[in-house]
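Ready for some practice at reading a structure? Work through each exercise before you peek at the solution.

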Amino acid sequence: MTVLSFFNYWAVIVLMMIGYYCMIVRGNMIKKIIGLGIFQTSVFILFISAGKVIGGATPVLREGVDVYSNPLPHVLILTAIVVGIATTAVGLALTVRIREAYGSIDDDAIDAVEGDDRA
Amino acid sequence: MSSITELMPFIVLIPLIAGPICALLPGRALPWLLTTVSMATAFVLSAMTLAAVFDGVTLSYAFGNWAPPVGIEYRVDAANAFVALLITGVASVLLPWGRPIVDAEVPERQGSFYALLLIALAGLLGITLTGDVFNVFVFLEISSLATYGLIAHGRDRRALLAAFRYLIMGTVGATFLLIGIAFLYILTGTLNMADLATRLPSTEASRAMQVALGFIVVGLAIKLALFPLHHWLPNAYTYAPSLISALLAATATKVALYVMLRFIYDVFEPGYSFTALPLSAALMVMALGGMFAGSWLAMMQTNLKRMLAYSSVAQVGYMVLGVSLVTLAGLTAAFLHLFNHGLMKAALFASAGLVAWRCGSVRLEDMRGIGREMPWTLTAFALAGVSLIGIPPTAGFISKWYLISAAMEDGQIWLVVLILITSLMALVYIARVVEIAWLQPRPDDAPAVQEAHWTLLVPVWLLVAANFWFGIDTRLTVGGASMAAEALVGGRLLP
């Protein structure tokens with residue numbers, strides 16, 4: 001069952017595609033940000049899956065355990081999660097300001113207002 | 001020698017520490033002063049660093065005394081130092097210019113504005129100096145997030161939209177880079193660039209390595225605004241505050257190009273990068289597409305800043321074209337144009353910023369006859385434009401000369417023809433501005449416009465003078481660019 005043993009990676013691919021699709025296709029800016037979050041989360045799972053050592057314990061030093069999982073990807077992803085939250089926060093803040101300025105958060109509706117915006 | 005190794009990390013640390021302090025400072029003068037002083041200090045340190053690495057030395061600083069590859073390492077050779085000098089230099093010249101313009105465009109809460117500016121610059125410098133691939137990702141996001149905030153400070157409400165769209169595309173780019181880094185880490189178990197460079201050649205070439213390279217190149221191509229991934233750039237540069245447009249145009253895309261080159265040439269071997277993927281052909285097609293589409297769209301614009309933004313897309317094309325030749329001469333031309341284009345675009349956006357400030361508009365139809373009202377500003381624009389077109393004796397001529405020589409050396413005469421055609425297109429869009437500003441009469445109902453104060457003209461003319469200086473005395477630019485290219489190739493064979 002090699003396909004099933006790569007379950008994490010299948011989850012990564014599915015989530016990545018859902019997030020990416022959502023970001024490209026959705027006109028609603030909040031949905032774009034949600035897509036962005038799903039997309040980033042899939043990469044976090046990719047990193048963390050790579051850190052798992054089969055049979056390894058949680059990486060906290062203690063008696064009677066010889067094999068530990070690799071803690072480095074967790075630490076890296078902790079940083080990446082912070083980056084992701086900051087991105088979401090900035091994105092939401094911009095969406096609030098766009099809503100105040102245009103009265104809409106739909107890409108197409110705003111495009112209709114700003115006809116000459118795209119040159 | 002060792003003292004500069006200890007001082008070199010402060011190029012990043014000074015703006016990074018000054019940023020949060022700046023956010024707490026009240027009023028207008030103090031935040032500006034702190035920003036200017038810290039960038040000037042970083043500029044002096046960058047100059048010292050470049051002097052120290054000019055003869056092929058590599059400086060290495062281990063953060064927290066954790067020896068690399070375990071700890072984070074700042075690793076500086078001629079390529080990093082050259083880019084850092086451009087960023088800090090342009091920022092140091094533009095900040096004195098930008099003060100009254102920021103007063104007009106961002107009247108309130110300048111403390112947080114300058115804080116974002118410092119953090120964005122710290123991020124760009126961090127990407128430039130670090131020797132750790134995960135650190136590149138973190139600094140890329142630090143600078144990008146600050147940049148989104150800065151663009152949204154523009155007075156036009158479309159600045160918000162530009163910032164949002166840049167946020168979406170920029171985050172996709174950065175996440176692509178992160179995916180690439182994940183594959184590299186899975187393959188080798190290390191994140192240090194020098195360590196990756198020694199481990200990757202002995203790793204069995206696999207699909208995963210190919211995918212890593214592909215994700216990294218595409219992710220950085222978005223940040224680089226390489227055609228056809230440039231859609232975020234024109235609106236972002238057009239609606240951002242003038243100081244931000246000038247700074248971003250001179251530095252942000254350059255840093256992305258530098259990191260891409262660091263990955264293609266140093267982390268992966270050039271022998272692998274250019275054979276595992278058809279990078280040379282792909283980069284050449286995108287570069288030529290950018291040169292033509294960018295120049296063509298620049299000719300069609302009615303907004304001065306947007307015209308300059310599309311011209312930037314074209315100029316990125318020249319740099320990438322140099323890279324796509326896969327020769328030392330081509331890489332040198334790319335680094336040379338990276339530096340020279342920073343100088344000319346800073347001068348052009350700076351004079352456009354003065355027009356925007358004095359005239360209240362950067363639409364070409366509002367600029368009719370303005371050359372007689374603001375002769376110094378428009379002359380500076382025209383002279384920087386001469387450098388953009390590539391007429392001797394300017395820096396733009398030197399970089400085109402080296403690019404054309406590299407293409408000839410490679411036996412690709414047709415590229416020379418295409419470079420000349422796009423240069424003529426640059427002549428058209430610059431000449432159009434000059435014609436509107438000088439030859440057309442000022443409409444009778446147009447508001448009176450005054451020339452900017454000389455204290456603002458000095459930095460602009462300093463940049464224009466640099467364009468001519470580096471068109472005549474090329475020791476720093478050509479010397480630095482060829483040292484940078486050699487440092488990246490590092491004696492490895494090019495395919």
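**Exercise 1.** In this predicted model, find the span of helix α14 of chain B and set it against the expected length.

*Solution.* Start by counting: α14(B) covers residues 304-324, which makes 21 residues. Next, go from the first C-alpha to the last, and you get 30 Å. The rule of 1.5 Å a residue predicts 30 Å, so the helix comes out close to the expected value.

**Exercise 2.** Stay with α14(B) and work out how covered it is, then look at what the backbone does just after the helix.

*Solution.* A residue counts as buried here if 20 or more other C-beta atoms lie within 10 Å of its own. By that test, 21 of the 21 residues of α14(B) are buried, so the helix is mostly covered. Now step just past the helix to Val326(B): its phi is positive, at about 55°.

**Exercise 3.** Describe the side of chain B that touches chain A.

*Solution.* First, the head count: chain B brings 24 residues to the contact and chain A brings 28. Then ask which elements of chain B give two or more residues to that side; they are α6 (133-151) and α7 (158-188). Of these, α7(B) gives the most, with 14 residues. Last, sort chain B's side by class: you'll find 16 nonpolar residues, along with 4 polar and 4 charged ones.

**Exercise 4.** Decide how the shape of chain A compares with a compact globule.

*Solution.* Begin with the parts list: chain A has 5 helices and 0 strands, running α-α-α-α-α from the N terminus on. A compact globule of 119 residues would have a radius of gyration near 14 Å, whereas chain A comes in at 20 Å. The C-alpha trace gives another view, spanning about 65 × 30 × 20 Å along its principal axes. As for burial, 24% of the 119 residues of chain A count as buried. Finally, take the contacts with a separation of 6 or more: 44% of them join residues 24 or more positions apart.

**Exercise 5.** Check what the model shows where the record places transmembrane regions in chain A.

*Solution.* The unreviewed UniProt entry lists residues 6-24, 36-55 and 75-96 of chain A. Take residues 6-24: this stretch is 95% helix and 0% strand, with its end C-alpha atoms 27 Å apart. Then try residues 36-55, where the chain is 80% helix and 0% strand, and the end C-alpha atoms lie 33 Å apart.

Terms used:
Residues numbered from 1 in each chain as written. Chains lettered and ligands numbered in written order. Predicted model: local features only at pLDDT ≥ 70, side-chain atom pairs only at ≥ 80, totals over all residues. UniProt positions renumbered as here; feature names shortened; annotations may be inferred. Helix = DSSP H or I, 4+ residues; strand = E, 2+ residues; numbered from the N terminus. Buried ≥ 20, exposed ≤ 12 C-beta atoms within 10 Å, placed from the backbone. Contact = placed C-beta atoms within 7 Å. Nonpolar A, V, L, I, M, F, W, Y, C, P; charged D, E, K, R; others polar. Rg over C-alpha atoms; globule rule 2.2 N^0.38 Å.
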